[in-house]
Amino acid sequence: MRSYLSSPISESQRRSLRSEATFIGSHEAGLSFRPVFGDDAPFKGVGRSYGMFRGVENYLAVIVDPTFPNAMERAGYCAEQWVVEAVKLGLGTCFVGGTFSASHVDTFVEVYEKIPFVVAFGHPDEKRTSFVARLASNMAHRKHRLPRDFFDGDDAAYDEACSNITWLPQALEAVACAPSALNKQPVRLKAVHAEDGWTVSAHTLDPNKYAIELGIAKFNVAFAVKGVWDWGENGLFFPE
């Protein structure tokens with residue numbers, strides 16, 4: 001459960017969130033990010049899947065024109081970029097894919113555009129969230145995954161990769177911490193011996209389902225290690 005206080009988002013916070021959304025939209029073709037404040041309509045009466053919400057009144061509407069190349073992957077990447085700004089402002093966030101009503105999102109959408117997910121945000125209810133987080137942790141204990149689990153390869157391949165890619169553990173930790181619009185962890189890194197040396201590629205367990213998650217994980221790696229990615233499944237990472 002994600003719980004938020006009813007405290008309003010300050011005007012300075014709103015300006016920063018809008019500015020980051022505008023910056024992304026002006027640099028990424030086919031994407032439009034619009035923060036919406038004081039509206040809980042997309043979450044009312046929605047209780048299926050993992051998402052249970054309390055006090056959600058603010059969200060980032062992620063509007064995508066799917067005809068652009070790698071649109072969903074880039075949407076995930078840039079939404080995680082926006083989340084970093086929100087967290088810097090002291091706000092809590094949550095990617096929401098299957099547990100909101102797109103038809104109730106308070107923003108204009110062209111007939112050719114889609115809203116594949118939103119990002120709920122607000123002032124986190126620390127007291128309630130801390131209890132729920134502990135409960136969820138206990139329930140999910142058997143499913144806990146280590147960074148090593150996100151490497152595609154056997155132990156020999158992993159040991160060889162770590163000896164040649166010093167930042168690999170950091171990159172795997174970033175993937176392990178990546179949020180998801182569908183509450184999945186489908187992204188894996190694979191060691192690649194490229195022309196310029198060793199690096200990693202990224203892929204998902206199902207290319208038809210997890211382009212958003214691929215983008216989110218790629219941003220986390222680029223943010224933690226510093227570098228740039230090729231878009232798409234099996235895209236290569238180029239560290240700075």
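Phe37 touches Ile9, Arg14, Leu17, Arg18, Glu57, Asn58 and Phe121, leaving aside residues up to four places away in sequence. The residue sits in the loop between strand 2 (31–36) and strand 3 (53–54). Despite this loop position, Phe37 is buried, with a relative accessible area of 15%. Phe37 and Pro8 are separated by 29 residues in sequence, and their C-alpha atoms lie 8.5 Å apart. The model described here is a predicted one.

**Overall composition**

The protein has 240 residues, of which 46% are buried. Its secondary structure comprises 6 helices and 10 strands. Among contacts between residues at least 6 apart in sequence, 70% join residues at least 24 apart. The protein exposes about 12400 Å², and carbon and sulfur atoms supply 51% of that area.

**Nonpolar cores**

The largest nonpolar core holds 53 residues, and Phe33, Trp82, Phe117 and Trp229 touch the most other members. Helix 2 (residues 71–88) contributes the largest share of this core, with 9 residues. Apart from this core lies another one of 14 residues, including Tyr4, Val56, Ile63 and Val118.

Phe117 can be described through its contacts beyond four places in sequence. These are Leu60, Val62, Ala75, Gly76, Ala79, Phe95, Val96, Gly97, Phe100, Ala181 and Ile212.

**Arg74 in helix 2**

Helix 2 also carries Arg74. Is this arginine buried or exposed? Arg74 counts as buried because its relative accessibility is 7%, under the 20% limit. A polar atom of the Arg74 side chain lies 3.1 Å from the backbone oxygen of Pro69. Beyond four places in sequence, Arg74 touches Glu28, Ala29, Leu31, Phe68, Pro69 and Trp231. Of these, Glu28 is 46 residues away from Arg74 in sequence, with a C-alpha to C-alpha separation of 8.1 Å.

**Thr199 and Phe237**

Thr199 is placed in strand 8 (residues 197–204), and Phe237 lies in strand 10. Both residues are buried: Thr199 has a relative accessible area of 4%, and Phe237 has one of 0%. What distance separates the backbone oxygen of Phe237 from a polar atom of the Thr199 side chain? The separation is 2.4 Å.

The contacts of Thr199, not counting residues up to four places away in sequence, are Ile165, Trp167, Lys190, Ala191, Val192, Ala194, Leu236, Phe237 and Pro239. Counted in the same way, Phe237 touches Trp167, Thr199, Val200, Val221, Ala222, Val225, Lys226, Gly227, Val228 and Trp229. Trp167 thus appears in the contact list of Thr199 and in that of Phe237. Phe237 and Trp198 are 39 residues apart in sequence and 9.8 Å apart in space, C-alpha to C-alpha.

The separations given for three residue pairs are collected below.

| Residue pair | Separation in sequence | C-alpha to C-alpha distance |
|---|---|---|
| Phe37 and Pro8 | 29 residues | 8.5 Å |
| Arg74 and Glu28 | 46 residues | 8.1 Å |
| Phe237 and Trp198 | 39 residues | 9.8 Å |

**Packing of helix 4 with helix 5**

Two packed helices are described by the angle between their axes and the distance between the axes. Helix 4 (residues 155–164) packs against helix 5 (residues 168–176) at an angle of about 115°, and the axes are 8 Å apart. From helix 4, the contact involves Tyr158, Ala161 and Cys162; from helix 5, it involves Leu168, Pro169 and Leu172. By character, the residues of this contact are 6 nonpolar, no polar and no charged.

**Backbone conformations with positive phi**

Most residues other than glycine have a negative phi. Which value does Lys226 adopt? Its phi is near 75°, a positive value in a residue other than glycine. Lys226 is found in helix 6 (residues 211–226) and is partly exposed, with a relative accessible area of 40%. Lys226 is also one of the residues touched by Phe237.

Asn234 likewise has a positive phi, of about 65°, although it is not a glycine. Asn234 is located in the loop between strand 9 (227–229) and strand 10 (235–239).

Note on methods
Residues are numbered from 1 along each chain as its sequence is written. This is a predicted model: local features need pLDDT of at least 70, side-chain atom pairs count only at pLDDT 80 or more; totals for chains, interfaces and linings use all residues. Side-chain values use heavy atoms; hydrogens and water are left out. A nonpolar core is a set of buried Ala, Val, Leu, Ile, Met, Phe, Trp, Tyr and Cys residues joined through side-chain atoms within 4.5 Å. Buried means under 20% relative accessible area, exposed over 50%, partly exposed in between (1.4 Å probe, protein chains only). Helices (H or I, at least four residues) and strands (E, at least two) are DSSP runs, numbered from the N terminus. Contact means heavy atoms within 4.5 Å. Axes are lines fitted to C-alpha atoms, for helices over the stretch in contact, and angles run from 0 to 180 degrees between N-to-C directions. Ala, Val, Leu, Ile, Met, Phe, Trp, Tyr, Cys and Pro count as nonpolar, Asp, Glu, Lys and Arg as charged, and the others, Gly among them, as polar. Accessible areas come from the Shrake-Rupley method with a 1.4 Å probe; for residues, only the protein chains shown count as cover. A polar contact is a pair of N or O atoms within 3.5 Å; within protein, one must be able to donate a hydrogen and the other to accept it, and residues adjacent in sequence count only if both atoms are side-chain atoms.
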